[in-house]
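Please look over the structure shown here, together with its sequence, before reading the briefing below. The points are grouped by topic, beginning with overall form and ending with the contact between the chains.

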Amino acid sequence: MNADENPKRGDITLVTGVIGADTHIVGNRILSLGLEEAGFKVVSLGALTPADEFVKAAVETAADGIMVSSLYGQGELDCRGFRDLCIEAGLEGILLYIGGNLVVGKQDWDSVEKRYKDMGFDRAFPNGTRVEEVVETLDKDFAAGKKAGT
Amino acid sequence: MTTALLIDFGSTFTKLRAVDLEKGEIIGAGQGPSTVASDITGGLTKALSDLEGRIGPLPDFKHRLACSSAAGGLGMVTVGLVKELTAEAAKQAALGAGAKLTGTFSHGLTQGDIAEVEALAPDIILLAGGTDGGNSDVILENAEKLAAASVTCPVIVAGNREAADEAAGLLEAAGKPVTVTENVMPEFGTLNVEPARDAIRQVFIERIVHAKGIDRAEEMFDAVLMPTPAAVLEGARLLSEGLDNAPGLGPLVVIDVGGATTDVHSVATGEPTAEGVIPHGLPEPHLKRTVEGDLGMRINAPAIAEAVGMDTLAEATGLDVDGARKILDEITAAVDSLPETAAQKRFDQALAEAAVGIAVARHAGTVTIVQTVTGPVSMQTGKDLGSVATVIGTGGVLAHGTHPAASLARALADPAKPQSLRPKDPELRLDGDYLLFACGLLAGVEPEAALTLGLAHMHPVGGT
């Protein structure tokens, strides 16, 4: 797929970054480049990004989705209340994705996914997810009318 | 001899500097009262005759350029969306244009905010909000509210370009003079303050100078180019960057301790000087000005005393706390007073040292250690001024104080506070003849002469 087949992607702004005291930037960088290549507008915040900075960047850029990476196992702590922060900032309907090493050790993925969905994330992805799969899911979610609250 | 006359219409004095452009030397200085409130020509005429009394018959000046901080300076209100993003960028643009910021607002303006803006009666409002293609609702909403407000001042729109024309239209329809310029933050995390800064200066020249009655003396000079703090910043920029054929001083910091505020200007990239430090937050403007509205030698002397403690000031003055408090009360009651007794001079020195220390610490960036699973990481917020080569002091208390070197030394990095990224080993210089504003005014028309003049007159003080 390329951007021409999906002209609407150019109207979609996504904020990406690695949450918390997490310096693992490589996967997030690959994701950001892949999303840009697929035609999305990407606002890349990089590593070591506190939750509120994702939200502030999304407000200023009128983002449609926030893509949170967490690789160091502390995601559950860092992401607590993330959806509430968005609602507080007027981003009620914004699409929230999370991906990476979301928990410490080997745990049942379904339970991990459920935990993050309960926190208000629309989608959670395990480590090793390919960019193409994320892009396809984004297309599907935006086609289904999932749209940012701004 | 080709000459220029540089004028600073201040809030208390009208100051003149006559300069020989061929040699890049000062010929003489003159001073008169500030008479903007009645008729500005009065103070200027007195200053000119003072100058004539010192240097003889006045030459036919090639340039007669002025800057002004009279009649309250350039009062500005800035409005942005997120406090740390476009609202901060708008603030940087206004400060860099030499404005006196009287109000900064973020997000949607409330009725209370509008009432506050009306009460502040700014000379210019800078309206930002949203990156290009980003949020447009808030800037439009704010434009509508400002359009309905009773303010009549010019509005500069420097927000989301997709919404800028519509925002301008709303304001124009309500009869407000509007200028549209580039977004202060076109992309997330990109600072673009120069176009807004230029627009502010243009509006200042075209409208504010007239509104404040400064152009009543227009027969006596060519143009009022900018607010005085902008002239100082321009002078600092020229001295730092130099010209193609003449090197400047490199990254530098200028400190101006005044009666009501303390200004700090830095011309430096502010990039980390230590290895492995990760910059965090908005990129910093190369030319940065901060104004500490709570640090001043007279009106705000009590605030300095509160910040450092009366006992510290008393000790530095060699008095007991009651004695120091007495001096503090005296100078706060008479804000135009100059120190007379030895104790008053020592007290002023202590105040200046404290003001410099606090103001530079606030201007400089900081580094914090974040513990991660891979070990500690240093994150830098703001500018690292560690490698700044020159620190210049300007303004009355530094120029005429008893120990300018000791005051300026307070700007330096403190080994006990490694988190504060202040200059480590700069040369300390003093603008003893108050010429930085003149360099800034001349920089646009006679850059070589301006640079020669500035380099020759920023005198090194003390050891480094």
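**Overall form of the two chains**

For the 464 residues of chain B, a compact globule would be expected to have a radius of gyration near 23 Å, and the 22 Å found for chain B agrees with that expectation. The model is predicted, and the values below should be read as computed from that prediction. Chain A, with 150 residues, agrees with the corresponding rule as well, having a radius of gyration of 14 Å where a compact globule would have one near 15 Å.

**Chain B as a whole**

- The secondary structure of chain B consists of 15 helices and 19 strands, and its C-alpha trace extends over about 65 × 60 × 50 Å along the principal axes.
- Of the 464 residues in chain B, 52% are buried.
- When contacts in chain B between residues at least 6 apart in sequence are considered, 70% of them join residues at least 24 apart.

**Chain A as a whole**

- Chain A contains six helices and five strands, and from the N terminus on these elements follow the order β-α-β-α-β-α-α-β-α-β-α.
- The C-alpha trace of chain A spans about 40 × 30 × 25 Å along its principal axes, and 46% of the 150 residues of this chain count as buried.
- Among contacts in chain A between residues at least 6 apart in sequence, 78% link residues at least 24 apart.

**The five-stranded sheet of chain B**

- Five strands of chain B form an open sheet with mixed pairing, in the order β3-β2-β1-β4-β10.
- The edges of this sheet are taken by β3 (25-33) and β10 (223-227) of chain B, each of which pairs on one side only, and the twist from one strand to the next averages 20°.
- Within the sheet, β1 (residues 3-9) and β4 (residues 63-68) of chain B pair in the parallel sense over six bridges, and Phe9(B) has Ser68(B) in β4(B) as its bridge partner.
- Helix α7 (residues 228-241) of chain B packs on the sheet, where it touches β1, β4 and β10 of chain B, and the direction of this helix makes about 80° with that of β10(B).

**The three-stranded sheet of chain B**

- Another open sheet, also of mixed pairing, is formed by three strands of chain B in the order β13-β16-β15.
- Because β13 (278-280) and β15 of chain B stand at the edges with a single partner strand each, one side of each is left without a neighbour in the sheet.
- Neighbouring strands of this sheet are turned against each other by 40° on average, when direction is ignored.
- The pairing of β13(B) with β16(B) is parallel and runs over three bridges, with Gln380(B) in β16(B) serving as the bridge partner of Pro279(B).

**Contact between the chains**

- Across the interface, 18 residues of chain B are in contact with 13 residues of chain A.
- Two strands of chain B, β15 (366-372) and β16 (375-381), each supply at least two residues of the side that touches chain A, and β15(B) gives the most to that side, with three residues.
- By residue class, the side of chain B that touches chain A divides into nine nonpolar residues, eight polar residues and one charged residue.
- Strands β15 and β16 of chain B, which contribute to the side touching chain A, are also members of the sheet ordered β13-β16-β15.

Note on methods:
Residues are numbered from 1 along each chain as its sequence is written. Chains are lettered from A and ligands numbered from 1 in the order in which they are written. This is a predicted model: local features need pLDDT of at least 70, side-chain atom pairs count only at pLDDT 80 or more; totals for chains, interfaces and linings use all residues. Helices (H or I, at least four residues) and strands (E, at least two) are DSSP runs, numbered from the N terminus. The radius of gyration is taken over C-alpha atoms; the globule rule is 2.2 Å times the number of residues to the power 0.38. A residue is buried if 20 or more other C-beta atoms lie within 10 Å of its own, exposed if 12 or fewer, and partly exposed in between; C-beta atoms are placed from the backbone. Two residues are in contact if their C-beta atoms, placed from the backbone, lie within 7 Å. Ala, Val, Leu, Ile, Met, Phe, Trp, Tyr, Cys and Pro count as nonpolar, Asp, Glu, Lys and Arg as charged, and the others, Gly among them, as polar. Two strands pair if DSSP finds at least two bridges between them. Axes are lines fitted to C-alpha atoms, for helices over the stretch in contact, and angles run from 0 to 180 degrees between N-to-C directions.
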